[in-house]
Amino acid sequence: MTPTTTTTVPAGSPGPGAAEAPLLEVRDLRVGFPKRYGDVAVLDGVDLTIGVGEAVAVVGESGCGKSLLGMAAAHLLPPTAHVSGTVAFRGRDVRAMSRRELRRIRGAGIAVIFQDAMTSLNPGMTVGAQLRQVCRLGSSTSPEELLAAVGLEQSERILRAKPYQLSGGQRQRVLISIALARDPALVIADEPTTALDVTVQRQVVELLQGLQASRGFALMFVSHDLGLVSEVASHTTVMYAGQVVESGPTAEILGRPRHPYTAGLLNASLSLEERWPLLAPISGHVRPPTGFVSGCRFRDRCARADDTCATRPDLVHADGRRLACFHPLAATDALATRPVVVAEPDPPSAGVQVDDAGRNVVVEARDVVVDYHGHGTTTRALAGVTLAVHAGESVGLIGESGSGKTTLARSLLGLVEPSSGEVRHRDTDIYRLPRMARFRTLARDAAMVFQDPRSSLNSRLSVGAVVRDPLVVLGIGDRRSRDATVREVLESVGLPATMAERPVRALSGGQLQRVALARALAVEPSLIVADEPTSALDVSVQAQILNLLQGIRAQRHLALLVVSHDMRVIRFATDHTVVMLNGEIVEQGPTERIYEDPQHPYTQALLAAAPSLHAAGDDQ
Amino acid sequence: MVTSTATDLGLPAPSSPRSRPGGRRRYARLVGRRLLLAPLILLGVSFTVFVVIDLSPNDPARAALGVFADAEQRERFAAENGLDDPLPVRYARFLADLVQLRLGESVIRPESVNDLIGMALPITVQLMVMATVIAVASSLVLGIVAAWFEGRPVDRVVSVVAAFFQAAPQFWIGLMFVQLFAVGLGVLPAGGYSPLSTGFSYWFSSLIGPAIVLALPFAAAMTRVIRASVADELAKDYVRTAIGAGLSTGTVLVGSVLRNALITPITVVGVYIGAMMSGAILVETVFNIPGMGTLLVTGVRQGDLGIVRGVAIVGAVSFVVVNVIVDLLYLVLNPRGAEVTRS
């Protein structure tokens with residue numbers, strides 16, 4: 001198995017473009033980090049082929065090694081990585097190249113667009129300096145032309161700006177322009193739009209697609225968003241825990257998934273998009289590399305697994321795709337799982353629908369105006385917002401960054417004092433109360449669930465301590481009753497009571513978000529504000545948390561305010577939707593009405609921008 | 001097809017007009033306040049120096065006239081030199097002299113304190129400058145090399161050696177140095193100072209030894225600061241972007257990383273120079289260099305309070321001045337005003 005023999009055998013390359021020699025050919029790639037994970041291969045025998053001008057997607061949840069694969073393809077892995085196998089670019093193994101050759105390949109042959117444009121640009125250099133630095137290596141275009149190509153006008157101003165002076169979308173465009181400066185043949189885009197708002201995300205994706213068409217580079221699109229993938233890529237490779245589980249034409253893979261993991265991912269997203277009564281999550285979560293199971297690494301989360309799965313399935317050719325599974329879904333039942341889940345065991349949200357006779361308002365904002373004062377300038381964050389949340393009702397707050405949705409949520413919780421207008425909590429104007437009384441009232445009756453549980457929960461404490469904390473601070477109950485409450489709320493969010501002993505840092509993201517919810521429930525509030533409760537989570541886990549939120553709201557007759565930029569989350573989780581733009585509510589109404597018949601042009605734009613799996617499904 | 005592009009094109013990020021100059025301006029204000037504060041600090045120092053030294057059991061008259069002088073002679077001496085005036089009067093006189101840049105008289109030596117410091121200060125300054133150059137140059141090289149090879153043997157060796165020299169007492173290092181290079185190898189003189197007029201090589205070889213010993217702890221501490229700061233910066237995402245775009249590692253290191261990474265070390269330099277001044281007292285004594293340190297030690301030993309006061313005041317002024325210069329340097333070098341605002 002020397003590099004030369006593997007690269008000269010093109011027989012294994014799938015897809016229609018197989019006539020030409022592939023641009024990038026990854027064969028049996030293994031990557032390990034011996035110091036951190038011991039013998040475990042974080043990438044385990046990965047194959048990937050990208051032809052000239054082709055767009056290939058790599059999908060999977062976080063921790064599945066898809067970004068690592070991108071880095072390996074550009075030979076940008078950290079020096080601690082232990083690598084074997086071949087990564088051939090235009091038939092030559094990048095691992096065998098000299099530094100000089102590598103430098104020639106990077107930028108001019110393979111370029112990378114990274115996920116977080118803020119940290120991926122040098123904070124101390126102007127955009128112009130960074131672009132010129134790259135152009136000096138031999139580019140046919142000037143920095144001004146490059147910025148124009150990525151749709152940035154006012155190039156003079158942008159060139160003189162430092163990265164932090166630009167908006168997120170502008171930064172991402174600058175990052176793209178750096179990648180394209182030397183006309184690469186292959187662009188590796190590692191979650192290029194994840195940190196962006198929907199409409200900006202849409203613009204960036206369209207930009208990438210347009211550039212790909214006009215410049216003819218091949219694209220390796222690393223993403224967890226199946227909707228985006230279905231729009232961008234002609235071929236898709238699905239990865240789980242460092243192994244390729246299924247790959248082939250995108251329409252095939254996403255239209256008729258054979259591997260249970262692909263089907264699970266797809267169901268989780270689709271159920272969200274089509275508003276199934278209950279979402280279809282995949283149970284469990286991706287383990288850290290040290291916990292990878294032997295054989296098929298998906299078997300501990302797979303409903304179809306049995307004893308045979310203890311040996312690793314080979315990635316084999318089967319009608320136009322490659323598949324590694326002993327018990328694949330039948331080719332005939334196209335997304336057969338869809339009707340199965342609709343069995344609706346106990347319709348949670350239907351019982352407490354809109355017109356409850358005794359609809360009592362839990363929290364209400366009346367004409368709230370919030371100004372932030374900076375150095376001599378004043379920014380109006382909220383310009384007269386009126387909103388009410390009733391018991392048992394779920395209200396969704398949607399808008400892009402800077403729309404004021406977080407400010408509104410905070411002022412409802414008594415954290416941001418409005419300059420005019422009032423916030424009434426059960427008929428008390430909370431900003432009339434003295435400061436401490438306000439905090440005390442609201443701490444007992446309202447709770448918040450934050451976006452990223454890993455940073456909002458103290459990682460040094462045990463789960464029990466985190467959940468018990470609000471009870472201790474507010475002096476609710478005694479030691480024994482607090483322990484009982486902790487056990488009870490942990491069980492109500494689907495965690496075993498024994499979990500209380502575990503340290504917070506040992507939990508997965510989904511488990512942590514459950515803990516955050518348990519902490520919120522501990523004081524038995526009547527209002528829960530969830531600020532982007534699922535955006536830090538993978539799609540399969542998102543579905544678990546959203547189902548849980550729905551169930552708990554119905555069971556406890558809670559008022560729920562969900563703040564999100566994800567249209568699908570709002571649609572599933574709420575009865576009433578409020579759309580915000582520049583500190584004002586531009587449209588509100590019953591969620592279904594908003595989604596089916598949006599009135600305001602901004603709502604229409606938001607809906608149009610959201611990537612949709614539907615398109616892929618309807619294509620075939 | 002997208003009707004609303006309000007959030008992206010054309011509009012600047014909402015916070016940009018405020019955050020841009022804010023950091024620098026705020027820092028400039030901070031430096032300005034420091035500058036205004038400097039005279040006050042010096043006033044405080046002069047008071048402390050004067051009063052504390054006055055409280056010491058030394059009797060200048062006894063120091064000047066020797067142990068055989070009787071009480072009458074000492075009283076006459078005190079009256080002639082204004083030593084029997086009350087403390088506030090003497091302090092006021094001291095301050096008035098200070099404003100006219102006169103540091104007073106030595107009660108033992110014929111020269112004024114000004115003349116004595118005038119002879120000693122240039123020597124100490126030469127020693128300090130040489131030590132600073134050695135320390136900064138070696139810590140830059142070693143710190144960057146260690147950061148580049150983070151976790152590898154080179155890094156380990158550099159870190160261990162740096163920790164050793166940071167912890168070892170300076171007088172001991174000095175003695176070992178003399179033992180090795182002067183007594184053992186015989187390549188350097190064991191002590192003493194040759195002015196530049198006696199020839200460059202004599203001058204250089206008389207100063208290089210003490211300068212190295214003075215620089216060692218300082219270099220060791222700086223190496224560790226620089227290593228940590230550069231390693232931090234190398235791990236940042238933008239380095240990966242630059243390498244991924246085909247820039248050579250050297251270009252990335254020199255062109256981008258060092259500019260960002262050296263800001264923290266520069267702020268520490270001022271503090272270390274202060275530490276080096278007290279180190280100079282020890283080193284000058286060990287190497288028998290007639291600088292400020294030796295002058296101070298002699299003054300203390302002989303109970304010559306005028307000299308002690310003069311050296312202390314000059315030391316304090318230099319320390320304040322050095323730190324203000326470092327602050328200004330930071331203001332010039334810091335390319336990211338916003339980061340100050342954020343942190």
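Helices here are DSSP runs of H or I with at least four residues, strands are runs of E with at least two, and both are numbered from the N terminus. This is a predicted model, where local features need pLDDT of at least 70 and side-chain atom pairs count only at pLDDT 80 or more, while totals for chains, interfaces and linings use all residues. Residues are numbered from 1 along each chain as its sequence is written, chains are lettered from A and ligands numbered from 1 in the order in which they are written, and side-chain values use heavy atoms, with hydrogens and water left out.

**Exercise 1.** Find B:Val158 and describe its surroundings.

Step 1: start with the address. B:Val158 sits in helix α6 of chain B, residues 153–167.

Step 2: check the cover. Buried means under 20% relative accessible area, exposed means over 50%, and partly exposed is in between (1.4 Å probe, protein chains only). B:Val158 has 11% relative accessibility, so it counts as buried.

Step 3: look for partners, where contact means heavy atoms within 4.5 Å. Not counting residues up to four places away in sequence, B:Val158 touches B:Leu142, B:Ala146 and B:Thr223.

Step 4: try a distance. From C-alpha to C-alpha, B:Val158 and B:Leu98 are 46 Å apart in space, and they are 60 residues apart in sequence.

**Exercise 2.** Sum up chain B as a whole.

Step 1: count the elements. Chain B has 14 helices and zero strands.

Step 2: look at the burial. Of its 343 residues, 42% count as buried.

Step 3: look at the contacts. Take those in chain B between residues at least 6 apart in sequence: 74% of them join residues at least 24 apart.

Step 4: turn to the surface, with areas from the Shrake-Rupley method (1.4 Å probe; for residues, only the protein chains shown count as cover). The accessible surface of chain B is about 17600 Å², and 68% of that belongs to carbon and sulfur atoms.

**Exercise 3.** Which residues make up the surface patches?

Step 1: get the rule straight. Patches are made of residues with over 30% relative accessible area and no salt bridge; like charges are joined within 9 Å, and nonpolar side chains (Val, Leu, Ile, Met, Phe, Trp, Tyr) within 5 Å. A salt bridge is a side-chain nitrogen of Lys or Arg within 4 Å of a carboxyl oxygen of Asp or Glu. Lys and Arg count as positive, Asp and Glu as negative, and His and the chain ends are not counted. A charge is placed at NZ of Lys, CZ of Arg, CG of Asp or CD of Glu.

Step 2: go nonpolar. B:Phe164, B:Phe171, B:Trp172, B:Leu175, B:Met176 and B:Leu282 form such a patch, with about 560 Å² of accessible area together. Helix α7 of chain B (residues 170–184) gives the largest share, four residues. B:Trp172 lies in that helix and is partly exposed at 36%.

Step 3: go negative. B:Asp70, B:Glu72, B:Glu75 and B:Asp84 form this patch. B:Glu75 belongs to helix α3 of chain B (residues 71–80) and is exposed, with a relative accessible area of 58%.

Step 4: go positive. Here you want A:Arg99, A:Arg100, A:Arg103 and A:Arg104. A:Arg99 is in helix α4 of chain A (residues 99–105) and is exposed at 65%.

**Exercise 4.** Track down some salt bridges.

Step 1: recall the idea. Side chains of opposite charge can pair when their charged atoms come close.

Step 2: get the total. The whole structure has 35 salt bridges over all chains.

Step 3: try A:Glu422 and A:Arg366, whose side chains meet at 3.3 Å, N to O. A:Glu422 is in strand β16 and A:Arg366 in strand β13 (residues 361–373) of chain A, so the pair ties together parts 56 residues apart in sequence.

Step 4: try A:Arg553 and A:Asp575, with their closest N and O atoms also 3.3 Å apart. Both residues are buried.

Step 5: find a network. Salt bridges link A:Asp28, A:Arg30, A:Asp44, A:Arg297 and A:Arg312.

**Exercise 5.** Which side chain of opposite charge is nearest to buried A:Lys405?

Step 1: locate A:Lys405 in helix α15 of chain A, residues 405–412.

Step 2: name the neighbour. It's A:Glu532, 4.2 Å away, and A:Lys405 has no salt bridge.

Step 3: compare your method on A:Asp429, in strand β17 of chain A. A:Asp429 is buried without a salt bridge too, and its nearest side chain of opposite charge is A:Arg432, 4.1 Å away.
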